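Biologist: I should be grateful for a close look at a single helix of this protein, followed by an account of the parts that surround the topic. Please explain the reasoning wherever a value leads to a conclusion.

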Amino acid sequence: LQISSSSSSSTKIKAPLSVFPVSRTDGLHWHKHCLGRPCLRRLPLRRVIAGVPSLLACGVAVHAGRRRWTTCGRADSRQAGQTQTVLRAQGLEAEQTMEDVGNLPELEAMRAELQGLKETAPSNEVKKKELSLPDDDAEEDGEEPLDVSKVERSGRVVVLGVPNSGKSSLVNALVGTKVSIVSHQPQTTRQKVLGLALLSSKPGEPPDTQAVFVDTAGIMLLDPTPTMLGVYYRKQSYFKNLKKTRLHKAMVKTAWKAARGVDAVFWVLDALKCCGHGDYMPEVATLDGIPVGPYIHDAWWQHPELGEELAFLRNLRKRKFKVHVVLNKIDRLRDFKVDVDQFALVMREQLLKDLGNDLDGQPLLQNLWPTSVLKEPDTLVPVKLWLCNNLPRQSPLYPLQAISDVPARVVASEITREKLFSRLRGQTPYRVAVLNRVWRETEDGTLMLGQKVVTISSYECAEVRRLLKEIAQEAEAEISTSLNFGRPVQLHFNVEVDENWQDNPSYYDDVHGILDDSHSLMFPQ
């Protein structure tokens, strides 16, 4: 047995090796298993999955067994972030060199992967049929390629807003497929995600517009002020009481940075929240019709529940962004017998007043669209028509077949995190990170993934271990459909405890826009 600790940035182990599974019931100890498990051979590059390179080609191989195994690291800051891998040498196999990229930052891991692909790239003599590229798949299925000449408009649209307003749901609905994970918990999205949509200005006609939507994390209050109601106000949610770390600061910084150089800015507002808490206090206190107090700026937004919206509005006003407001969740207004059209007029007048004008005297508010992304998809038609008529006339910014820029390994880890997010409660979902560290494809097409799940405490580690058993099959099914053309997927987990992972740049470098350096796109399957 050879035991290696990945405490350094990279560790090279020379031997024909394979990873042994670790029993779920053995706690902190690593145990070997019986003989008879065949060793995974290093596989040649057979194909490119949906236009994205086979990721982490230099990672540690995952055992080919059917069972999934997890282990918890000790809740000790000295051992946090370290993993132990039990390896077995396989007698007569030729020696191979493998690199553990588990602790490398995201950008370094991607560069290491691309370098490995360059070294192992097939020669010109390799037949073209060994690579399954999106264009080849389309020709085999008998699908006609899209006519690029008919797409005459293209532009970037950033989608901003506070947490849990429906930004990712809006992007998924406009793109027509799932490109961002969603859940009932606020702040599910942590990094910038591009969603590429093809829109048509006339029903039944070929698409004539490519809209590039930039989905962002919810812009939260990093330093919330005390509520004006004091002890009489109800307790705030777990998310609002959550301690803000460097991760959260990076998410907010990236969201505002994404608004630079775009063609349109969409502000997603929760209609029910505005209807229930808006117009909280008068602009000037009066007594028998006589003003008796000072003027209150932005009085309509002074309710504590609208604190994030108020801070967001003031930021827009300071930056002089011309915005298009998507008033989401109007179906919930109808449940309370609210006149949606009348409320939309009230919101438009209030936003025109509070946002103000730009340096040329033009109002910052451009449009306001009442919508219900999940319940009433037809309400998005005015949004699509505006995009088709107002985005710049230019050639497509991205390939027309692409739907997102997120690498496949990030998609796989985000799917697992989405399943955990939907089941965890309290502050636990915000203290969990999922990273895909191993990507292997067998000769029969089975995709074998090794994912590292990081928590803050040993209690949360045990809770996550329990849930991983429940979500494994569901996550495998979605990854199979999204990334592996419906072929089998096997997930293997390694759960660790790292008390300070939210302040470790290697975990949140992606939210700074590192994914832009990968130049990889995801295509529909």
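Modeller: In this predicted model, helix α4 comprises the 12 residues 246–257, and at 1.5 Å a residue it should span 16 Å; its end C-alpha atoms are 16 Å apart, so the expected and computed spans agree. The buried residues of α4 are Leu247, His248, Ala250, Met251, Val252, Thr254, Ala255 and Trp256. These buried residues pack against three elements, namely β6 (153–160), α6 (307–319) and α12 (505–508).

Burial can also be followed in the strands. In β7, which covers residues 193–199, 6 of the 7 residues are buried, and the strand is therefore largely enclosed by the rest of the structure. Strand β7 is joined by 7 bridges to β8 (residues 209–215), and the two strands run antiparallel. Within this pairing, Ala197 has Ala211 of β8 as its bridge partner.

Strand β8 also holds Gln210. With a relative accessibility of 1%, Gln210 counts as buried, because the cut-off for that class is under 20%. Leaving aside residues up to four places away in sequence, Gln210 touches Val151, Arg153, Ser154, Gly155, Ala197, Leu198, Leu391, Pro396, Leu397, Tyr398, Pro399 and Leu400. Among these contacts of Gln210 are Ala197 and Leu198, and β7 spans residues 193–199. Arg153, Ser154 and Gly155 are likewise touched by Gln210, while β6, against which buried residues of α4 pack, covers 153–160.

A further buried position is Glu414, in helix α10 (residues 408–423). Its relative accessibility is 16%, which is why Glu414 counts as buried. The C-alpha atom of Glu414 is separated by 6.9 Å from that of Ile181, although the two residues are 233 residues apart along the chain.

Leu287 presents the opposite case. This residue belongs to strand β10 (residues 286–287), and at 55% relative accessibility it counts as exposed, because the limit for that class is over 50%. Together with Ile290 and Val292, Leu287 makes a nonpolar surface patch of about 310 Å².

As for the whole protein, there are 12 helices and 16 strands. Of its 525 residues, 53% count as buried. Among contacts with a separation of 6 or more, 78% involve residues 24 or more positions apart. The accessible surface comes to about 25,400 Å², and carbon and sulfur atoms account for 50% of it.

How values were computed:
Residues are numbered from 1 along each chain as its sequence is written. This is a predicted model: local features need pLDDT of at least 70, side-chain atom pairs count only at pLDDT 80 or more; totals for chains, interfaces and linings use all residues. Side-chain values use heavy atoms; hydrogens and water are left out. Helices (H or I, at least four residues) and strands (E, at least two) are DSSP runs, numbered from the N terminus. The expected span of a helix is 1.5 Å times one less than its number of residues. Buried means under 20% relative accessible area, exposed over 50%, partly exposed in between (1.4 Å probe, protein chains only). Contact means heavy atoms within 4.5 Å. Two strands pair if DSSP finds at least two bridges between them. Patches are made of residues with over 30% relative accessible area and no salt bridge: like charges are joined within 9 Å, nonpolar side chains (Val, Leu, Ile, Met, Phe, Trp, Tyr) within 5 Å. Accessible areas come from the Shrake-Rupley method with a 1.4 Å probe; for residues, only the protein chains shown count as cover. A salt bridge is a side-chain nitrogen of Lys or Arg within 4 Å of a carboxyl oxygen of Asp or Glu.
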